[in-house]
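Got your viewer open and a selection box ready? Let's take a short walk through this model, one stop at a time.

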Amino acid sequence: MPGRNPVEGRHIALGVTGSIAAYKAAAIASALAQEGGLVDVLMTPQATQFVAPLTFEALTHRPVVTDMFRLSNSEISHVVVSHSADVLVVAPATAHTIAKLALGLADDPVSATALSTRAPGLLAPAMETGMWQNPATQAHIQTLRDRGWLVADPVSGHLASGATGEGRMAEPEQVVDIVHQMLGRSGDLAGRHIVVTAGGTREPIDPVRYLSNRSSGKMGHAIAEAARDRGAAVTLIATVALPPLAGMEVVAVERAEEMRDAVLHLLNRADVLVLAAAVADFRPAQLADQKLKRRDGVPELVLSTNVNVLEEAKAQRGAARKPFIVGFAAETENLLGNAREKFAKWGIDLVVANDVALEGSGFGSDLNKVTMLRIGGDMVDLPLLPKIEVAHRLLDEVIALGSKV
Ligand SMILES: Cc1cc2nc3c(=O)[nH]c(=O)nc-3n(C[C@H](O)[C@H](O)[C@H](O)COP(=O)(O)O)c2cc1C
C-alpha cells in the first residue's frame with residue numbers, strides 16, 4: 001500500500017566514521033533494515049577501528065564499502081551507492097569528516113559518496129565538547145546546513161572521555177525518526193497541512209493541582225508521526241511531552257482554553273484537523289491563587305462546563321468545510337450507539353470511536369481498537385491494532401473522503 005512506512009524498499013546510504021559512537025550506527029542500521037530499508041554501509045578506515053564491517057554486513061545483509069580502491073563486480077562501490085541512495089546518513093560524523101564534507105574532499109568511501117550523491121543528507125555529529133564548540137567545526141556545520149544538510153544536533157551528556165558536556169551523538173531512535181521525515185517528503189500527503197491535538201487537558205485547581213484524565217497522547221502522536229511520514233506539514237498541539245518527533249511544529253498547551261486558542265489560530269491554514277486530545281468536559285469554576293491547605297479543611301470543588309474545541313472549530317470553518325475535521329469519541333459502553341449519536345450531533349467529516357474499556361486498547365496502550373464512522377453513515381470497523389497502524393488507516397480514510405468533499 002503506498003505511503004506507509006517511508007523506509008520500506010528505499011535505499012539508505014549509512015556513512016560511519018571514526019568515533020567511539022560508531023557502535024550506535026549498528027542500532028541505526030539494524031532499525032532501518034528491520035523496517036525494510038536497503039541499507040548500504042560505507043566506512044572510513046578509522047571507523048573500522050571501532051566496529052568491524054562484519055557487524056554491519058550481518059545486520060544489513062548487504063556488502064559494506066570500506067575500501068574505495070577495491071571494486072565489487074568490476075563496479076566502483078561508492079559510486080553505485082551514491083547513485084542508488086534515497087538518503088545519505090553520516091552517523092556518527094566526526095569533526096574530521098564534517099570538515100572534509102564542508103570542503104568537498106573525497107578520499108574515503110564516506111566523503112566520496114557524499115560528494116557524488118544527489119540524495120539529501122543527514123549528519124549526526126559525535127565528538128568531545130572542545131571539538132564540537134571549536135569555531136572551525138561550527139563554521140563547517142553551518143556551511144553544510146546552508147547546503148541543505150539536516151543535522152541531528154548532538155546533546156549534552158556523558159562523553160567517552162569521561163567528561164560531561166555537549167557533543168554526545170543524538171540517540172539512534174532520533175536519527176531514524178529524522179530519516180523517516182526525509183524519506184516521507186514525497187508521500188501521498190505532501191503539500192497538505194495537518195493539525196493534530198493530543199493528550200488530556202489539565203484544568204488547574206490551584207498552582208500545584210489539576211483535574212485531568214487518562215489520555216496518554218500516544219494516539220495523537222501516532223497520527224502526527226504517520227502524517228509526517230507521508231509528507232504532510234504537521235502541527236502537533238499537545239499537553240504531554242512524549243519523545244519529540246522530528247520535522248513538525250509542536251505547540252505545548254495545558255488547559256482546554258489554550259488548546260482551543262491554538263486550534264482556532266491554525267484553522268485557516270489547516271487542510272485537516274484531527275482532534276485526538278481528550279479535552280476535559282468540566283473545569284474548576286475558580287482557580288485558587290495559592291495552594292489549598294489541608295489545615296483549612298476539605299475544599300468544595302465547584303465545576304463549570306469547559307470550552308468545546310470541536311464545536312468552536314466547526315463553527316469557525318463555516319460552510320467552507322475546510323479543514324476536514326476528524327473527531328475522537330472515547331467510550332466505555334455502547335461504543336457504536338454513542339458514536340453514532342456524536343456523529344449526528346457534531347456534524348463533522350469523520351468520527352473515530354475508541355473502545356477505551358477493551359483490555360489492551362485505548363489510554364496509555366500502544367494498541368487501539370477503533371471504529372470509524374463517515375459521512376453517509378457507513379462505518380469501518382478495525383481490529384485491535386498498533387496505534388501507528390490505526391493512524392495510517394485513519395489517514396487513508398481522510399485521503400479517500402477528503403477528495404470527495
Ligand atoms: C578512541 C578514540 C575516540 C575518538 N572519538 C572521536 C569522536 O567521537 N569524534 C571525533 O570527531 N573524533 C574522534 N576521534 C578522532 C578521530 O578518530 C580522528 O579524527 C580520525 O581521523 C577521524 O577519521 P574519519 O573522520 O575519517 O573517520 C577519536 C579517536 C580515538 C582514538
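**Stop one: two helices side by side**

This is a predicted model, and we begin with a pair of helices. Select His 78, Val 79, Val 81 and Ser 82 in α3; they meet Pro 109, Ala 112, Thr 113 and Ser 116 in α5. Sort the residues of this contact by class and you get four nonpolar, four polar and no charged.

Now show both helices whole: α3 covers residues 77–84 and α5 covers residues 109–116. Their axes are 9 Å apart and make an angle of about 40 degrees. Angles that are not under 35, over 145 or from 65 to 115 degrees count as oblique, and α3 and α5 are therefore oblique to each other. The crossing of α3 past α5 is right-handed.

**Stop two: the sheet**

Switch to a cartoon view and look for the five strands of an open sheet, in the order β2-β1-β3-β4-β5, with parallel pairing. Which strands stand at the edges? Select 38–43 for β2 and 150–151 for β5: each has a single partner strand, so one side of each has no neighbour in the sheet.

Next, pick out β1 (residues 11–16) and β3 (residues 87–93), which run parallel and are joined by four bridges. For one spot to zoom in on, select Ala 13, which stands opposite Leu 88 in β3.

**Stop three: helices across the sheet**

Keep the sheet on screen and add α1, residues 22–34, which lies across β1, β2 and β3. Helix α1 runs at about 170 degrees to β1. Then add α8, residues 172–184: this helix lies across β1, β3, β4 and β5, at about 160 degrees to β3.

**Stop four: around the ligand**

Centre the view on the ligand. Which residues come nearest? Of the 17 around it, they are Gly 18, Ser 19, Thr 44, Thr 94 and Met 127. Colour the shell by class and you'll see eight nonpolar, eight polar and one charged. Helix α4, residues 95–103, gives the most to this shell, with three residues.

**Last stop: another helix pair**

Finish with α10 (residues 256–266) and α11 (residues 309–317), whose axes are 10 Å apart at an angle of about 20 degrees. These two are therefore roughly parallel to each other. Helix α10 passes α11 in a right-handed crossing. To see where they touch, select Ala 256, Met 259, Arg 260, Val 263 and Leu 264 in α10, then Val 309, Glu 312, Ala 313 and Gln 316 in α11. This contact has six nonpolar, one polar and two charged residues.

How values were computed. Residues are numbered from 1 along each chain as its sequence is written. This is a predicted model: local features need pLDDT of at least 70, side-chain atom pairs count only at pLDDT 80 or more; totals for chains, interfaces and linings use all residues. A residue is near a molecule or strand if its C-beta atom, placed from the backbone, lies within 6 Å of it. Ala, Val, Leu, Ile, Met, Phe, Trp, Tyr, Cys and Pro count as nonpolar, Asp, Glu, Lys and Arg as charged, and the others, Gly among them, as polar. Axes are lines fitted to C-alpha atoms, for helices over the stretch in contact, and angles run from 0 to 180 degrees between N-to-C directions. A crossing is left-handed if the near helix is turned anticlockwise from the far one by less than a right angle, and right-handed if clockwise. Two residues are in contact if their C-beta atoms, placed from the backbone, lie within 7 Å. Two strands pair if DSSP finds at least two bridges between them.
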